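Good morning, everyone, and thank you for making room for this one. I would like to walk through a single model with you, beginning with the annotated spans and ending with individual side chains.

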Amino acid sequence: MEENNTVNFKRLLSDESTQSTLSLDSDYEYYQTEIFDQLPSIQACRPEQNRQGVLEVCEVYQGSPEPGEKLINGHLSRGPRDKLSMQPLRNLAMCIQAKRDTRDRRKMQIRNIGFWESWRRGQSINRKRVWAQMGGTLSSLLPWQHTLHTIEGRFGVGVKAYFVFLRYLIYLNLINCALIWGFILGPTTFYGWSNSSEPLKFGSNDSVLDFFLGSGYLDRSPVFFGYYTRGSLNLPCLNTPLLYLVGIITIFFLSLIMVVRRTTVGYKHTWMLGKRYSMNVSYKIFCGWDFNIQDPDAATLKHSFIRNDLKLFLEEQSFSLRESQRTLRQRVRLYLLRFILNVLVLSLLGGSFCLIYFATKTSLNESGHYGLVSLFLQYLPPITITSLNLVFPYIFHKISSFEDYSFTMQVNATLVRSIFLKLASLGIYLFFLFPTAGHQQHWCRENQFGREMYKLCIFNFLNTFCNAFLVGYPRKLLREKYPTSLLTRLLGKQHFPITLYVLDLVYSQTGSWVGMYYCPLLPLIGTVTLVATFYIKKFTVLQCCVAEHRMFRASTSSVLFHFMLLLGLLMAATTVGFEFYQQDGTLNNIDMSSCGPFGNGETVFNVTGVCVKSLPSLAQSTLRYLSSEAFALPLILAEIIILTSYVSRGRANQKAIERLKDMLIMSSSDKRFLVKQHTTMLRRKKETRKVRSAAIGEDAPPQLLERPPLHAN
């Protein structure tokens, strides 16, 4: 081998070079073996002295077989079959040549595994192909698919995320409506009539304003809690109160599962591609294009998005540099300013809560007024809450600009404060409404509370309608007819504030969940208003708005949307749980409500207790054990085991991700090393050719002189 090394790198300057017995193929074969040993990935594997680790790492660079196969003693053998080995070739992330090699490898495996195994694999591939085609067909049948595609093409993925979230809420409310019909409205329709029940009629004292106030005709209708009585369905474990309770609990539980699932799935992708995955500038330039864009104007805007994203990245880098260069005096002054501004924010929130309290007290004590004055006083709490939620986010944004945060941090701070304002204002309203509504002279306390939630839902939709057609569209007309006027320049271009509109959706859905116990048809009303909101927002974004030229990164993520929705669901569940607790605490109270399914002194605990007592002894013992403290220990142990398994799986996935990142780094190092070696080899070939041509030029004159002279005949 040493002799070969000497011969390979020796410069042959004489004619003996043409008589060398070493072929060019053997030189390249040896050079490939030597260059493979010098790869950075192989050099990194050698210090570990782990043969298995070397094989696993080197498989990536040597053209590893399919997943489910491994190398044993240098030969290919079938190991545990992986899911990817059964995937159709179209679904594999490979180049064309790799797919061809994979197809040939699968054909060779089919010849060796036998008829039955090959038939089973073929059926599995065909089944997955059919499921994929069915999934694509069902996804094409989803409503508003073309509208979402158009919005995405003109305004990007961020605005589309809002409409996808709105469509998800429509699906969620439709499921809630189906459950309410199955558990509450359906049984009451067929079995809820008793002999003393009066038919529902539009009386002489009823008016059109009852549909806005929730009183009169609607107060006696299936919209509210007091309509649902026991009726003829009066079995111990099959009656209207128990079905009512099971329906509400089922809706909350199913909504919790769906929201948590969407939140965790989105968080998983965000975690994998978030802060742990650093995207450099080259990725943003070469991989940041959106191929769903069809409009030339949208393409121009996408160019501006990428340019502004790079500007934002450079601004954050310069902000980090400026932040690291702050002196101690500057930091103390900045922290003092932030403390004062946060105190100002808390003062504004406290003032808003006081306004909500006075509005609630004034609205519930309203009497002696008629017509529009009565309507205004009845809607005073929703008007107050909506006005605060409309004005305060802009104040919070202005305050965050003085806190010397980065642009992304400013947006996040404004968003967090707006979330707290939305949910806290609703929570304070419920906190003041519970004790105040209980002392009202009304035949049904639950109906009184349901009316407030009904008015909150109706006014939120009216606010959306007026904001689109009385503010947004006239502003668009003003900009088209008088583009150079002072008012047009002051108002500026109209954009689509994604986060604020998402907060409105979360606020509306939270109100629907909270009032669902007191107003069972509120999910149906919410579905109708959400469908109308979809078309109103579609008109707003396509006709009145222009695309943003500066977007923050969180606008394209739906994780935050579903997390806010989860907070609203927890608030609604807390409200209903407090209602059950209040029923338990007022068992001996005289002014207890006597309407609805839990009238005549019945509560949730009485109804469930009667049902449990009617069950067989074995079922009673099982339920008592499940509700006792003895069941808490195995439940906690099961939770610990499940959480431990998920944590272990997460750590293993994290290690796999880090290992794949290392492989990517080593692959890029190998490429740079191979390019360098290839350049060196080409340079050596050029030098060798120059030397050979020079040597041939020096040897040519003597040969010409040795030739015999030519004599003329």
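How far apart do the end C-alpha atoms of residues 515-536 lie, and how much of that span is helix? Before I answer, please keep in mind that what you see is a predicted model. The end C-alpha atoms of residues 515-536 lie 24 Å apart, and the span is 73% helix and 0% strand. I chose this stretch since an unreviewed UniProt entry lists it under "transmembrane region", along with residues 168-193, 242-260, 335-358, 370-395, 415-433, 557-578 and 630-647. For residues 630-647, the end C-alpha atoms are 27 Å apart, with 89% of the chain there in helix and 0% in strand.

Let me step back to the chain as a whole. Its secondary structure comes to 24 helices and two strands, and of its 713 residues, 36% count as buried. If we take contacts between residues at least 6 apart in sequence, 74% of them join residues at least 24 apart. The chain exposes about 43600 Å², and carbon and sulfur atoms supply 63% of that area.

Now to the salt bridges, of which a search of the whole structure finds five; I will go through some of them, beginning with the side chains of D404 and R326, which meet at 2.8 Å, N to O. D404 lies in the loop between α15 and α16, and R326 in the loop between α12 (296-324) and α13 (328-364), so this pair ties together parts of the chain that are 78 residues apart in sequence. As for exposure, D404 counts as partly exposed because its relative accessibility is 28%, whereas R326, at 14%, counts as buried.

A second salt bridge joins the side chains of R417 and E403, at 2.9 Å, N to O. Here R417 sits in helix α16 and E403 in the loop between α15 and α16, 14 residues apart, and the pair links distant parts of the chain. Are these two partners buried or exposed? R417 is buried, with a relative accessible area of 12%, and E403 is buried too, with a relative accessible area of 0%.

A further pair is K455 with E452, whose side chains meet in a salt bridge at 3.2 Å, N to O. Both belong to helix α17 (residues 445-481), and because they are three residues apart in that helix, they are separated by about one helical turn. K455 counts as buried at 0% relative accessibility, and E452 is buried with a relative accessible area of 2%.

Let me return to the loop between α15 (380-401) and α16 (407-438), for F402 lies there as well. F402 counts as exposed, because its relative accessibility is 52% and the cut-off for that word is over 50%. Which residues does F402 contact, once its neighbours within four places in sequence are left aside? They are L337 and L341. Between F402 and L341 the sequence separation is 61 residues, while the C-alpha to C-alpha distance is 8.5 Å.

For a contrasting case, consider T488, which lies in helix α18 (residues 486-491) and, at 8% relative accessibility, counts as buried. Not counting residues up to four places away in sequence, T488 touches L478, R479, Y482 and P483.

Burial can also be looked at helix by helix, and α22 (residues 604-613) is a clear example to point at on the screen: V604, V607 and C611 are buried there. These three cover an arc of only 75° around the axis, which puts them on the same side of α22.

Finally, a word about the surface. F202, V208, L209, F211, F212 and L462 form a nonpolar patch, with about 510 Å² of accessible area together. One of its members, F212, lies in helix α9 (residues 210-213) and counts as partly exposed, because its relative accessibility is 34%.

To close, I would leave you with the loop between α15 and α16, where D404, E403 and F402 are all found. That is where I suggest we begin the discussion.

Terms used
Residues are numbered from 1 along each chain as its sequence is written. This is a predicted model: local features need pLDDT of at least 70, side-chain atom pairs count only at pLDDT 80 or more; totals for chains, interfaces and linings use all residues. Side-chain values use heavy atoms; hydrogens and water are left out. Buried means under 20% relative accessible area, exposed over 50%, partly exposed in between (1.4 Å probe, protein chains only). Helices (H or I, at least four residues) and strands (E, at least two) are DSSP runs, numbered from the N terminus. The arc is that of the directions from the helix axis to the C-beta atoms. UniProt positions are given in the numbering used here, feature names are shortened, and annotations may be inferred rather than shown by experiment. Contact means heavy atoms within 4.5 Å. Accessible areas come from the Shrake-Rupley method with a 1.4 Å probe; for residues, only the protein chains shown count as cover. Patches are made of residues with over 30% relative accessible area and no salt bridge: like charges are joined within 9 Å, nonpolar side chains (Val, Leu, Ile, Met, Phe, Trp, Tyr) within 5 Å. A salt bridge is a side-chain nitrogen of Lys or Arg within 4 Å of a carboxyl oxygen of Asp or Glu.
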